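Let's take a walk through this structure together. Pull up the view and keep it turning as you read.

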Number of protein chains: 2
Amino acid sequence: MTFKEKLGHAQKRNNSLLCIGLDTDISKIPRSLKGHKNPQQEFNRQIIEATKDLACAYKLNLAFYESAGEQGYETIHETLGCIPAEIITIADGKRGDIGNTAEQYAKIIFDDWKFDAATVSPYMGKDSIDPFIKSEDHCAFILALTSNPGSRDFQYLEVNGRPLYEHVTAKAAGWNLQNNIGLVVGATHPEELKRVRAMVPGMPLLIPGIGTQKGDLDATVQYGCDKTGYLALINVSRGIIFASAGDDFGAKARESAVKIQNEINTIRGKYFG
Amino acid sequence: MTFKEKLGHAQKRNNSLLCIGLDTDISKIPRSLKGHKNPQQEFNRQIIEATKDLACAYKLNLAFYESAGEQGYETIHETLGCIPAEIITIADGKRGDIGNTAEQYAKIIFDDWKFDAATVSPYMGKDSIDPFIKSEDHCAFILALTSNPGSRDFQYLEVNGRPLYEHVTAKAAGWNLQNNIGLVVGATHPEELKRVRAMVPGMPLLIPGIGTQKGDLDATVQYGCDKTGYLALINVSRGIIFASAGDDFGAKARESAVKIQNEINTIRGKYFG
C-alpha cells in the first residue's frame with residue numbers, strides 16, 4: 001500500500017487527523033515507572049494503549065531516544081511494535097546530509113526500524129532527500145516553515161519576491177514524482193499554512209505547534225486540510241503525553257487526546273461539512 | 001581550554017590541518033575484522049592508532065554509528081576514548097530542531113559522548129543552534145555551503161543581492177559572541193570559500209569535499225585558512241580510511257594521510273610562508 005493510501009485509511013478509520021508526538025523525555029516519566037526495565041518503552045506502550053483508537057499517526061522524536069543511549073535503539077523497535085499496523089509512524093529526526101550518508105539514515109529509519117515516514121531538512125537539496133523517497137510506501141516530510149521562533153531567521157528571506165519556504169514548497173512539489181513527499185508547516189503560522197496548502201493541494205502536511213507552542217487550531221484545520229478535510233496531520237506531543245505527571249498519565253493522555261480530536265473534528269465539520 | 005585554543009594547539013602540535021572523517025561504513029570494513037566483537041570499533045581503533053600524529057581532528061559521521069544499531073552508541077564512546085585528548089573531535093550529525101529537542105541532541109553530543117564540536121543545520125534558525133553554543137569549550141559548525149550537488153538547490157538562492165549561504169554566514173558571525181561558531185564550506189566551491197573566509201576572518205572552517213568528492217586542494221588551503229595559515233579543518237573521509245580494502249588498511253590509511261598532510265603543508269608553505 002502506498003503511503004498516501006495508508007494515511008487515508010488511517011485518518012478515516014480513527015476519524016482523526018491527530019498525530020501524537022512521542023517526545024518521551026526520560027526526565028518527565030512518572031516515578032512509578034522508574035523501576036521498570038525500560039521506563040521509556042513502558043511509558044510509550046501505555047500511552048499507545050490509551051490512545052491508539054484516537055490517532056492517525058505517531059511521531060517519534062529521535063532525539064529523545066538517542067539521549068537514552070544504547071537502550072534507545074531498542075526502545076524505538078519496541079515502541080513501533082506496539083503501534084497498530086494500520087497507523088502511520090513517523091521518524092522525526094530532521095536529517096539532511098550528502099547522498100551516501102542520507103542513504104544510511106534512510107536505511108535505519110525505513111529498513112531497520114520500519115517507519116512509514118521521516119522528517120528531513122531541505123538545506124542540502126535534492127540528493128540529501130532522494131534516499132527517503134525511493135519507495136512510494138515511504139514519505140519524506142520536508143521542513144518548509146517550522147513552528148519555532150528561529151523560523152524567522154532564514155525561512156522568510158525573500159527570494160524573487162517569495163519567501164524561502166515557498167521556494168522549498170515549490171521544489172518539493174517538483175520532486176514529488178512518486179506522490180510520497182509531504183511538508184512540515186508550523187501551526188504558529190496560519191496565513192502561511194494557507195498559502196502552502198494552495199501551492200500543494202494534494203500533499204500531506206505535518207503540522208506541529210499546537211499545544212505547548214500555542215498554534216491556532218481553528219486556522220490549522222481550516223487551512224491545513226485538503227478540500228475534503230483530510231491530509232493534515234496535526235501533531236501534539238507534550239500536551240498529550242505529559243498531560244499528567246502522575247500514575248494516571250495514560251488516562252489523562254487519553255482525555256487530552258479525545259479533547260483535541262473532538263475539537264479538530266468539530267472544526268472540520270464547520271469547514272468541510 | 002576554549003575550543004579555539006584547543007584547535008590552535010592541535011593544528012600546531014601535529015603541524016596539520018587534516019581532519020580525518022570516520023565514516024565507518026560497516027559494509028566496507030575488511031573481512032579479517034568481521035570476527036571481532038565490534039568490528040567497527042576495532043577498525044576505528046586501528047585507523048586512529050595509524051594516523052593520530054597526522055590529524056588535527058577526527059570527525060565521526062553519526063549516521064554510520066546509528067546504522068550499527070545498539071552497538072553504535074558504545075562504539076562512539078570507545079572510539080572517542082582512542083583519540084588523544086589534545087585532538088579535536090567533531091560529531092557530524094547536522095542536527096537542527098526546535099529548542100527543547102536541540103537541547104537533547106547537544107546533551108548527547110557534548111555531555112554524554114564528550115565531543116568538542118558538532119555540525120548543525122541552519123534552516124531552523126537561532127534557537128535550534130543555541131544549545132550547541134552554550135560553552136566556549138564547544139563549537140557548532142553551521143552548514144553554510146555544502147559540498148554536494150544539492151547545494152545548488154537552495155544555498156545559492158539570491159536574497160537582497162547575496163546568495164543564501166552568505167546570509168547564513170553573516171547571521172553566524174552575528175551569533176558568535178562566545179567565539180565558538182564555525183562554518184561548513186565545501187571544497188567543491190573554492191571561489192565561494194574565498195568570499196566566506198573574507199566575511200569571517202577568525203572563524204574555524206570545516207571543509208569537506210577533498211578526495212572522493214574531488215574538491216580543489218590548492219584553492220581550499222589558500223582560501224580556507226586564516227591569514228596565518230590556520231583555522232581551516234580540511235576533512236578527508238573515504239580517501240583515507242578506505243584507502244585499502246585489505247588487511248593493510250591501517251598502513252594504507254597512514255600513507256594516504258601522510259600524503260595529504262604533506263600536500264596541504266606544501267601549499268601552506270607557498271601561500272603562508
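How many residues does the contact take from chain B, and how many from chain A? Keep in mind that this is a predicted model. The contact draws 44 residues from chain B and 44 residues from chain A. On chain B, the pieces that each put in at least two residues are α3 (63–66), α4 (70–82), α5 (99–112), α6 (126–129), α7 (151–154), β6 (158–159) and α8 (164–175). The largest share, six residues, belongs to α5(B). Sort the side of chain B that touches chain A by chemistry and you get 16 nonpolar, 16 polar and 12 charged residues.

Now for how the two chains relate. A turn of 180° with a shift of 0.0 Å along the axis lays chain B on chain A, with an RMSD of 0.0 Å. The two copies are thus related as by a two-fold rotation axis. What's more, 100% of the interface residues of chain B are also interface residues in chain A, so the copies meet through the same surface.

Next, look inside chain B. Eight of its strands close into a barrel, with parallel pairing, in the order β1-β2-β3-β4-β5-β8-β9-β10. On average, and ignoring direction, neighbouring strands of this sheet are turned by 30° against each other. Zoom in on one pair: β4 (residues 117–120) and β5 (residues 139–145) of chain B run parallel and are joined by four bridges. Here Ala118(B) has Ala140(B) in β5(B) as its bridge partner. Helix α1 (residues 3–13) of chain B packs on the sheet, touching β2 (57–61), β3 (88–95), β4 and β5 of chain B. The direction of α1 makes about 125° with that of β3(B).

How values were computed: Residues numbered from 1 in each chain as written. Chains lettered and ligands numbered in written order. Predicted model: local features only at pLDDT ≥ 70, side-chain atom pairs only at ≥ 80, totals over all residues. Contact = placed C-beta atoms within 7 Å. Nonpolar A, V, L, I, M, F, W, Y, C, P; charged D, E, K, R; others polar. Least-squares fit on C-alpha atoms with pLDDT ≥ 70 in both. Pairing = 2+ DSSP bridges. Axes fitted to C-alpha atoms, helices over the stretch in contact; angles between N-to-C directions.
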